[in-house]
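Colleague: Got a minute to walk me through this one? I'd like to start with the small details.

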Amino acid sequence: HNLVSDNCLLESKVNSLVKNCSCNSCSRVTRFPRYNDPLKLVETRKGRCGEWANCFTLYCRAFGYESRLVLDFTDHAWTECYSEALGRWMHLDPCEAIYDRPLLYEKGWGKKLNYVIAIAKDGVYDVTKRYTRKWNEVLSRRTITTESSVVSVLTSITKERRRNCTSQVLSILEEHDNIEREALERDLRSTDDAPISLPGRQSGDKQWRIARSEFGTDSLSSSSCTVRICCDEHVTKIYNAFSSILHKFVEDSLTASKGVEVLKILRATVVDLKKLPFKKRRASLKPNSIVGTSLVHQLLPSFKELLNALTLKSELDSNGILSVCLAGNPVQTALALPVALHALDELISDLSKCDNFSKGSLSFPLLRLNRICSGAVLASGEELPFGIATAAFDGTRMSKWEEPNGAKGIMNKEHSSFCLGCWIMYKLSANVQELVAYELMSANDAPERDPMDWVVEGSNDRGSSWLVLDEQRSEMFDKRFQRKTYNVKSAGFLSNMFRFRFLAVRDVKSTSRLQVGSIDLYAKQN
């Protein structure tokens, strides 16, 4: 619907702002309550930046992070979390899927900031200086009241919020306050981020962003997204961990069918762990009629690497029951469990197809070793917030990379296909690697968006020049979450960047989009 008018009123029943939005084509009115209770928002799963920031801040606090809800008086909201590792507060914008880029709004969107206020359980803070390098200009727009009044009001609220804190807690909070005040003044004079290019606003309809003067002025706003770092080391560790398990199967002369039953026990344990509260995960390894207790105990040492990858450990109680429980940061376990579940599903499927399971079977793609991880990703475009570029490398079926304009292009008569401005680049975190294989997986829905033609390229000079490593034409994914494996023919080329150029989708007539469930890159083993 083309929203042309907002009729706002207070509705005491929900104690919230309600917008009645009418369409100028059919006169239909859509009621949009702006709930403030994050638990209600988890139920409705609808909203704009305020609702997103509200829910995301709730999640951060639920995971144990010291968190703030940040309100920008020029109409935006996001989150800040305190990083113990960095010793400072970090900017986190769930709508834009961007973190630690506080100049995004002033430099990328072109916002004219005035007041940016952070609200926490222990106080309210003026953090405007973190988000600007033009303080004098910002000061000229801070006209609601005097600066001394701002300080006085926020100090009074903060004092009230801390009224019941112990002296020890107060001491820690005051130390943080002092560190932050110094950091805010230091940030104002910093030039470290001067060369960083930041995009205009990515979320919301294009015309709406332009009307709000938040579209930005650089090419990133319309043709690409921000550079994102892949936090996927756990995916590589999980893939590698299956090597010791499968080698143990061969060593103990287990048949493929019995190996499948062992993997099903591991899968059932992962499912049980996923259902439990993330800080209290504990489940037993339950033998079945095919795989007895003695065999599970015999194979236990081969499970250790997988358990380590999941930040788990095994424990044997006095009754001889073997359990798996947390061994470290529960957040790491929460991230890794879905990856392990999906990897087990694929391994069970692959192993069940092995007619003669032996040492000769222990090769790619049954074993997916030396997966490249922890690189930086840049794409021609992405769908926020659910289809960001790094979703292609997170090892789980629950996400995908989606390029809104990935199926648009011009006809290439030579190849009878579309040559698209649709690409995704992966920059290695260190050194160079020889790409020997890669895998693509179809996403959860819309087969017409599947890639059909593509080129894989490598660069050894950080993207100045490219060498074609592999090229595929007329590829078809027969089902959802289908993983297809490709060996790279142009072996021997060491790269520090890889690029996929997608030239055609399955049905360009019915969609403007391209989507990929996952991309896995495999390097030559040393």
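**A walk through the model**

Modeller: Sure. Lysine 237 and glutamate 233 sit 4 residues apart in helix 9 (residues 233-251), so about one helical turn separates them. Helices here are DSSP runs of H or I with at least four residues, strands are E runs of at least two, and both are numbered from the N terminus.

Colleague: And what do the side chains of lysine 237 and glutamate 233 do?

Modeller: They meet in a salt bridge, at 3.8 Å from N to O. The term means a side-chain nitrogen of Lys or Arg within 4 Å of a carboxyl oxygen of Asp or Glu.

Colleague: How many salt bridges does the structure hold?

Modeller: It holds 44 salt bridges. Keep in mind that this is a predicted model: local features need pLDDT of at least 70, side-chain atom pairs count only at pLDDT 80 or more, and totals for chains, interfaces and linings use all residues. Residues are numbered from 1 along each chain as its sequence is written, and side-chain values use heavy atoms, leaving out hydrogens and water.

Colleague: New topic. How is the protein divided into domains?

Modeller: Into domain 1 (41-212), domain 2 (232-361) and domain 3 (376-523). The bounds come from an automatic or database domain assignment.

Colleague: What area is buried between domain 1 and domain 3?

Modeller: About 390 Å², and carbon and sulfur atoms give 79% of that. Buried area is the accessible area (1.4 Å probe) that two parts lose on being put together, summed over both.

Colleague: Which residues of domain 1 supply the most?

Modeller: Trp52, Ala97 and Gln202 supply 69% of the area domain 1 buries against domain 3, more than any other three residues.

Colleague: How many salt bridges cross that interface of domain 1 and domain 3?

Modeller: The rule finds 0 there.

Colleague: OK, aromatics. How many pairs are there?

Modeller: The structure holds 16 aromatic pairs. In one of them, tryptophan 78 and tyrosine 105 are stacked, 4.2 Å centre to centre with 20° between the planes. Rings of Phe, Tyr and Trp (its six-membered ring) pair if their centres lie within 6.5 Å; planes under 30 degrees apart are stacked, over 60 edge-to-face, and the rest tilted.

Colleague: Why does that pair tie parts together?

Modeller: Tryptophan 78 is in strand 5 (residues 76-83) and tyrosine 105 in helix 3 (residues 104-109), so the pair links parts 27 residues apart in sequence.

Colleague: Last one. Where is the cis peptide bond?

Modeller: It joins phenylalanine 364 and proline 365, with omega about 10°. Proline 365 is in the loop between helix 12 (330-352) and strand 14 (376-379).
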